[in-house]
Amino acid sequence: MKQLVQRLSQNRHLERSEYLRLLAGCDHELLKYINECARVVAMTYFGKAVYVRGLIELTNYCRNNCYYCGIRKANSNVARYRLEKEQVLECCRLGDSLRIRTFVLQGGEDSLLDDAFMQDLIKSIRRDYHHTAITLSLGERSKDSYQALYKAGANRYLLRHETANPQHYASLHPANMSPDNRKQCLRNLKQIGFQTGAGMMVGTPGQTLEHLVDDLLFLEEIKPHMIGLGPFIPQQDTPFAHEPSGSVEITLLLISILRLMFPKALIPATTALATLAKDGYERGILAGANVIMPNLLPIEYKTKYIIYDGKEAIHITPQEQYKDLKRRIESIRYYLSDSRGDYP
Ligand code: 5AD
């Protein structure tokens with residue numbers, strides 16, 4: 001098995017059957033080994049830097065009804081909010097004071113966040129913070145819309161593909177959502193010039209190891225600049241309320257596999273990982289991740305953006321969270337970088 005890992009390191013690619021063997025046969029010892037290999041690769045490109053993305057969750061309105069997600073349209077227990085431009089800029093000021101050089105504007109698919117609103121917001125942020133990257137994560141939009149947002153000054157776009165397997169996709173989403181459209185969105189984003197992020201959840205209901213291999217092969221095709229993956233965690237008001245969470249270990253294994261496949265990619269240690277494991281951020285970084293995404297929202301809004309239960313750090317202020325993350329990252333002898341952390 002170690003030979004398989006070495007071959008992946010050298011070729012940055014394995015055959016389907018080999019990926020499957022790696023996923024199926026990974027024990028505790030091999031996980032330790034591949035985590036180390038991935039860490040060494042990350043180190044050669046990024047040293048001990050961990051890039052920081054300040055997350056601003058703009059809206060929890062969503063037109064979609066994904067079966068796993070707590071802010072799905074049908075969830076009437078959500079107190080919906082949409083930030084005003086001035087509130088977003090306040091989050092940016094706070095982020096800037098913490099020397100954060102990427103803002104991530106994330107939200108549900110909210111029809112009122114139209115191009116005009118977003119262009120104005122992006123231009124305002126761009127005007128005040130020349131040296132800060134603007135990342136969008138607003139779901140599926142038309143190619144024209146993506147183009148307009150890019151032109152307004154956004155640099156990056158995150159759109160997880162969630163699962164590359166069409167049958168599995170159909171078991172996680174209502175019939176009006178199409179895996180082909182989502183994949184096409186990713187191709188459009190790349191073509192426009194965005195640094196583009198894809199990714200999947202680990203351990204969603206019905207997911208098999210074959211599905212995860214489909215994800216790896218799809219990512220090989222897309223060649224994303226950023227890859228976000230975290231374990232599935234049930235949310236009590238969704239159809240998947242009683243499903244088990246995804247595995248922390250498989251998430252860490254996949255982070256390492258992806259680091260070996262994509263040495264220069266920006267890969268976060270996600271909040272979902274940190275929610276399931278108390279040392280999740282640290283273990284993510286030590287498995288080859290190189291990004292963390294602290295939240296810049298005031299507590300009153302953070303507590304309304306509950307896509308899964310138990311979400312990490314929603315009851316502490318952004319300043320407290322940043323301080324805590326800094327301490328944790330430094331405890332494993334890495335440091336929080338104050339650079340933009342673009343794709344090298
Ligand atoms: N558990 C874990 N991750 C989730 N996401 C949505 N719902 C859940 C959940 N219940 C992820 C999706 C989405 C990202 C913002 O959060 O992958 O793209």
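User: Cys-92, buried or exposed?
Analyst: Cys-92 is buried, at 0% relative accessibility. Keep in mind that this is a predicted model.

User: Why is Cys-92 not bonded to Cys-91?
Analyst: Cys-91 holds the closest cysteine sulfur, but that sulfur is 6.8 Å from the one in Cys-92, so it is too far for a bond. A disulfide here would need the two sulfur atoms within 2.5 Å.

User: How many disulfides does the structure hold?
Analyst: Zero. Cys-26 is another cysteine in no disulfide. For Cys-26 the nearest cysteine sulfur is that of Cys-37, 11 Å away.

User: And how accessible is Cys-26?
Analyst: Cys-26 is partly exposed, with 22% relative accessibility. The cut-off for buried is under 20%.

User: Switching to the sheets. What is the strand order in the open sheet of six?
Analyst: The order is β2-β3-β4-β5-β6-β8, and the pairing is parallel. β2 (54–59) and β8 (226–227) are the edge strands, each pairing on one side only.

User: Take me across from β2. How many bridges to β3?
Analyst: Five bridges join β2 and β3, and the two strands run parallel. Within that pairing, Ile-56 has Leu-105 of β3 as its bridge partner.

User: How covered is β3?
Analyst: Mostly covered: β3 spans residues 102–107, and five of its six residues are buried.

User: Next, what joins β4 to β5?
Analyst: Two bridges, with β4 (residues 133–137) and β5 (residues 156–158) running parallel. Thr-135 is the residue opposite Arg-156 of β5.

User: Then β5 to β6, how many bridges?
Analyst: Three, again in the parallel sense. One position to look at is Tyr-157, which stands opposite Thr-196 in β6.

User: Which residues of β6 are buried on each side?
Analyst: On one side Gln-195 and Gly-197 are buried, and on the other Thr-196 and Ala-198 are buried, so both faces of β6 (residues 195–198) are covered. In a regular strand, side chains alternate between the two faces of the sheet.

User: What about the step from β6 to β8?
Analyst: β6 and β8 run parallel and are joined by two bridges. Gly-197 has Met-226 of β8 opposite.

User: There's a three-strand sheet as well. What's its order?
Analyst: That open sheet runs β10-β1-β11, with parallel pairing. Its edge strands are β10 (291–292) and β11 (335–336), each paired on one side only.

User: How is β1 joined to β10?
Analyst: By two bridges between parallel strands, where β1 covers residues 49–52. The bridge partner of Val-52 in β10 is Ile-292.

User: On to helices. At what angle do α6 and α8 cross?
Analyst: Roughly 35 degrees, and their axes come within 10 Å. The helices in question are α6 (residues 143–152) and α8 (residues 179–192). The crossing is right-handed.

User: Which residues make the contact?
Analyst: From α6, Lys-143, Tyr-146, Gln-147 and Tyr-150. From α8, Cys-185, Asn-188, Leu-189, Gln-191 and Ile-192. By class, the residues of this contact divide into five nonpolar, three polar and one charged.

User: Changing topic, where is Tyr-305?
Analyst: Tyr-305 is in the loop between α13 (299–302) and α14 (318–331).

User: Is that loop tyrosine, Tyr-305, buried or exposed?
Analyst: Tyr-305 is buried, with a relative accessible area of 4%.

User: What is Tyr-305 in contact with?
Analyst: Setting aside neighbours within four places in sequence, the contacts of Tyr-305 are Glu-57, Thr-59, Asn-60, Ile-71, Tyr-81, Gln-106, Gly-107, Gly-108 and Lys-311.

User: And how far apart are Tyr-305 and Val-78?
Analyst: In sequence they are 227 residues apart; in space, 8.3 Å from C-alpha to C-alpha.

User: Last one, Met-261. Where is it found?
Analyst: Met-261 is in helix α10, which covers residues 248–261. At 5% relative accessibility, Met-261 counts as buried.

User: What does Met-261 touch?
Analyst: Not counting residues up to four places away in sequence, Met-261 touches Leu-8, Arg-12, Tyr-19, Leu-216 and Glu-220. As for Leu-216, its C-alpha is 9.0 Å from that of Met-261, with their positions 45 residues apart in sequence as the separation.

Terms used:
Residues are numbered from 1 along each chain as its sequence is written. This is a predicted model: local features need pLDDT of at least 70, side-chain atom pairs count only at pLDDT 80 or more; totals for chains, interfaces and linings use all residues. Side-chain values use heavy atoms; hydrogens and water are left out. Two strands pair if DSSP finds at least two bridges between them. Helices (H or I, at least four residues) and strands (E, at least two) are DSSP runs, numbered from the N terminus. Axes are lines fitted to C-alpha atoms, for helices over the stretch in contact, and angles run from 0 to 180 degrees between N-to-C directions. A crossing is left-handed if the near helix is turned anticlockwise from the far one by less than a right angle, and right-handed if clockwise. Contact means heavy atoms within 4.5 Å. Ala, Val, Leu, Ile, Met, Phe, Trp, Tyr, Cys and Pro count as nonpolar, Asp, Glu, Lys and Arg as charged, and the others, Gly among them, as polar. Buried means under 20% relative accessible area, exposed over 50%, partly exposed in between (1.4 Å probe, protein chains only).
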